[in-house]
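Me: I should like a close look at a single part of the structure shown here, namely the protein surface that faces the nucleic acid. Please answer in one connected account.

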Amino acid sequence: MLQQTPVNRVIPRLAEWLERWPTPGDLAAVPPGEAVRAWATLGYPRRALWLHSAAVEITQRHGGVVPSDIDELLALSGIGDYTARAVAAFAYGLRHPVVDTNTRRVIARAVAGQAEPAPPSRTRDLDAMGALLPLPRGDAAIFNAGMMELGAVVCTAKNPRCGDCPIQSSCAWRLAGYPAYSGPRKAVQKKFEGSDRQVRGLIMAELRATHHPVTDAEITGLWPDPAQRDRALAELRATHHPVTDAEITGLWPDPAQRDRALAGLLADGLAVATGPGRYTLPHE
DNA sequence: AAGTCGTGGAC
DNA sequence: TGTCCAAGACT
């Protein structure tokens, strides 16, 4: 749940989730669509599918007990370098470097003296954090958590609170005079409005809300949101005179976009076809 | 290995 | 307002 999702948004959903499915076996016993439905609006619904798969794998391969071995964790669906080491370090107290986006930023600033970290690099990131990790196992777990917390609360991406930082006196970035970032620009993310991702989200919301197969016609009716279309039309009228047919048509979805979004969801297993033009959440 | 994948708060 | 970005993983 925490992958690319703010902690404060996860906490209440996690509480509900663990009340309903306290163990991997409990989650593995329900259809994957139930996990996707309970995931609700957390975003990236593939993670719900992967979490369910991981629960099945843990039940089948590990007797229902979450493994503590890094390689066994990495072999689980949806578990990558960050999550595997977070489980080993925080749940089992083992001495492994845990590197998330916060840790990467703190190391870039406090150690390397740069405003922003270079793009993530598995080997380099784990080596850098491994070199900082205290030797005692208990201390290593606390240090991992402390680096993440420092980055999340003080050494933030925007407007870092350097005056409140507990390690300001030894921060390489501060000692260097806060030099500006000079590395490669991060890729600008595409606009969400009108994107395939938005259409996927609308389709998923419909699949979660209905307990009967959703039809092609219903999906086609989902986009664009009338209010959104009206805002776009009003904006168009305010800036252009007169509005052309082509501009108005541009406010409606490309029919191919609905097909792309739906095909993607089917390919990801987030939706399944139960008949010609009828779709539901996955039931096995 | 660069693209893709949701959602919503902050500024 | 639009832009950034948030405990990443997968292909």
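Which polar side-chain atom lies 3.2 Å from a base nitrogen of DNA strand B?

Reply: The model is a predicted one. The residue in question is T5: a polar atom of the T5 side chain is placed 3.2 Å from a base nitrogen of DNA strand B. A base nitrogen of this strand is also approached by the protein backbone, since a polar backbone atom of L42 lies 3.2 Å from a base nitrogen of DNA strand B. The phosphates of the strand have a contact of their own, in which a side-chain N or O atom of K190 is 2.8 Å from a phosphate oxygen of DNA strand B.

These contacts belong to a wider surface. Around DNA strand B there are 14 residues, and the nearest of them are R9, P45, K190, R197 and R200. Of the atoms of DNA strand B that come within 4 Å of the protein, 55% belong to sugar and phosphate. Helix α11, which spans residues 196-209, supplies the largest share of this surface, with three residues. In terms of class, the surface near DNA strand B comprises five charged, five polar and four nonpolar residues.

The surroundings of DNA strand C may be described in the same manner. Here 21 residues surround the strand, and L2, T83, D100, M148 and Q189 are the closest. Sugar and phosphate make up 62% of the atoms of DNA strand C within 4 Å of the protein. Several backbone contacts to phosphate can be listed for this strand. A polar backbone atom of G78 is 2.8 Å from a phosphate oxygen of DNA strand C, and a polar backbone atom of G80 is 2.9 Å from a phosphate oxygen of the strand. For D81, a backbone N or O atom is found 3.4 Å from a phosphate oxygen of DNA strand C. Two or more residues of the surface near DNA strand C come from each of the elements α6 (81-91) and α7 (101-111). By class, this surface holds nine polar, eight nonpolar and four charged residues.

L2, one of the residues closest to DNA strand C, also takes part in a nonpolar surface patch with V7 and I11. Together the three residues of the patch have about 270 Å² of accessible area. V7 lies in helix α1, residues 7-20.

Two further features place this surface in its setting. One concerns charge pairing. The whole structure contains 14 salt bridges, and one of them joins the side chains of R61 and E57, with an N to O distance of 3.9 Å. R61 and E57 are about one helical turn apart, because they are four residues apart in helix α4 (residues 46-61).

The other feature is an open sheet of three strands, in the order β1-β3-β2 and with antiparallel pairing. Its edge strands, β1 (214-215) and β2 (272-275), each pair on one side only. β1 pairs with β3 (residues 278-280) over two bridges, and T215 faces R278 of β3. The pairing of β2 with β3 runs over three bridges, and A273 stands opposite Y279 in β3. β2 and β3 form a hairpin with two residues between them, and in its turn G277 has a positive phi of about 70°.

Key. Residues are numbered from 1 along each chain as its sequence is written. Chains are lettered from A and ligands numbered from 1 in the order in which they are written. This is a predicted model: local features need pLDDT of at least 70, side-chain atom pairs count only at pLDDT 80 or more; totals for chains, interfaces and linings use all residues. Side-chain values use heavy atoms; hydrogens and water are left out. A residue is near a molecule or strand if one of its heavy atoms lies within 4 Å of it. A polar contact is a pair of N or O atoms within 3.5 Å; within protein, one must be able to donate a hydrogen and the other to accept it, and residues adjacent in sequence count only if both atoms are side-chain atoms. Ala, Val, Leu, Ile, Met, Phe, Trp, Tyr, Cys and Pro count as nonpolar, Asp, Glu, Lys and Arg as charged, and the others, Gly among them, as polar. Patches are made of residues with over 30% relative accessible area and no salt bridge: like charges are joined within 9 Å, nonpolar side chains (Val, Leu, Ile, Met, Phe, Trp, Tyr) within 5 Å. Accessible areas come from the Shrake-Rupley method with a 1.4 Å probe; for residues, only the protein chains shown count as cover. A salt bridge is a side-chain nitrogen of Lys or Arg within 4 Å of a carboxyl oxygen of Asp or Glu. Two strands pair if DSSP finds at least two bridges between them.
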